[in-house]
Amino acid sequence: MNPFRYRVGIRRGGDPALMVLNLLREIVTKEFRGQSVLIKPNLGFLGRPGTGIVTHCEVVRGVVRFMKEAGARDRVFSPPNPSRKKSPMGLLTRGEGSRST
């Protein structure tokens, strides 16, 4: 038997950033105050938001808002490929990733 309990939430329709923010508020119990966090959206392929090929930029926006609200000190964005200088969403400006405050 699996000793871990996973919390899953599903939302449909509306503003993706707000849906993600509200969902994370409901299901996340971990404390992030003062911690650094890595946000690594699925950007392995070029694709338009809403296709399911990449993480929708508004979903990432909701995660970032949640982490700010939760008091995370730094939010570090990491590219899928260290040689890529800019992601399809325009979040990255350095080869290894960029910091957002």
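**Figure 1. The order of helices and strands along the chain.** Walk along the sequence of this predicted model and the pattern you meet is α-β-α-β-β. That adds up to 2 helices and 3 strands in the protein chain. Helix 1 covers residues 16–27, strand 1 covers 36–39, helix 2 covers residues 57–69, and strand 3 covers residues 98–100. The chain has 101 residues, and 31% of them count as buried. How much accessible surface does the protein chain have? It comes to about 7,100 Å², with 54% belonging to carbon and sulfur atoms. There's also plenty of long-range contact here: among contacts with a separation of 6 or more, 57% are between residues 24 or more positions apart.

**Figure 2. The largest nonpolar core.** This view goes inside, to a core of 13 residues. Which of them touch the most other members? Those are F32, I39, F66 and M67. Helix 1, strand 1 and helix 2 each supply at least two residues of the core. Helix 2 gives the most, with 4 residues.

**Figure 3. A salt bridge between R11 and E26.** Searching the whole structure turns up 4 salt bridges, and this close-up shows the one between E26 and R11. The closest N and O atoms of this pair are 2.5 Å apart. E26 sits in helix 1 and R11 in the segment before helix 1, so the salt bridge ties together parts that are 15 residues apart in sequence. Are these two residues buried, exposed or something in between? E26 counts as partly exposed, at 47% relative accessibility. R11 is partly exposed too, with a relative accessible area of 37%. As background, side chains of opposite charge can pair when their charged atoms come close.

**Figure 4. One helix meets the other through R25 and E69.** Here the side chains of R25 and E69 meet in a salt bridge, with 2.5 Å from N to O. The pair links distant parts of the chain, since R25 belongs to helix 1 and E69 to helix 2, 44 residues apart. R25 has a relative accessible area of 41%, which makes it partly exposed. E69 is partly exposed as well, at 43% relative accessibility.

**Figure 5. E31 and R33, another charged pair.** Look for the side chains of E31 and R33, which form a salt bridge at 3.9 Å, N to O. How exposed is each partner? E31 counts as partly exposed, at 48% relative accessibility. R33, with a relative accessible area of 56%, is exposed.

**Figure 6. The segment before helix 1, around Y6 and R7.** Y6 is part of the segment before helix 1, and R7 lies in that segment too. Y6 counts as exposed, at 63% relative accessibility. Together with V8 and I10, Y6 makes a nonpolar surface patch of about 430 Å². What does R7 touch, leaving aside residues up to four places away in sequence? The answer is E26, I27 and T29. From C-alpha to C-alpha, R7 and T29 are 9.9 Å apart in space, and 22 residues separate them in sequence. E26 also appears in Figure 3, as the salt-bridge partner of R11.

**Figure 7. G44 in the loop between strand 1 and helix 2.** Find G44 in the loop that runs between strand 1 and helix 2. G44 counts as partly exposed, at 40% relative accessibility. How far is G44 from T55? Their C-alpha atoms are 9.7 Å apart in space, and the two residues are 11 apart in sequence.

**Figure 8. Where the predictor is sure, and where it isn't.** The mean pLDDT of the protein chain is 75, and 71% of its residues reach 70 or more. Which elements have the highest and the lowest mean pLDDT? Helix 1 has the highest, at 93, while strand 3 has the lowest, at 41. Over residues 84–101 the pLDDT is below 50. This stretch still has 47 contacts in the model beyond near neighbours in sequence. A word of caution for this view: where pLDDT is low, the predicted coordinates should not be read in detail.

Definitions and conventions
Residues are numbered from 1 along each chain as its sequence is written. This is a predicted model: local features need pLDDT of at least 70, side-chain atom pairs count only at pLDDT 80 or more; totals for chains, interfaces and linings use all residues. Side-chain values use heavy atoms; hydrogens and water are left out. Buried means under 20% relative accessible area, exposed over 50%, partly exposed in between (1.4 Å probe, protein chains only). Contact means heavy atoms within 4.5 Å. Accessible areas come from the Shrake-Rupley method with a 1.4 Å probe; for residues, only the protein chains shown count as cover. pLDDT is the predictor's confidence in each residue, from 0 to 100. Patches are made of residues with over 30% relative accessible area and no salt bridge: like charges are joined within 9 Å, nonpolar side chains (Val, Leu, Ile, Met, Phe, Trp, Tyr) within 5 Å. A nonpolar core is a set of buried Ala, Val, Leu, Ile, Met, Phe, Trp, Tyr and Cys residues joined through side-chain atoms within 4.5 Å.
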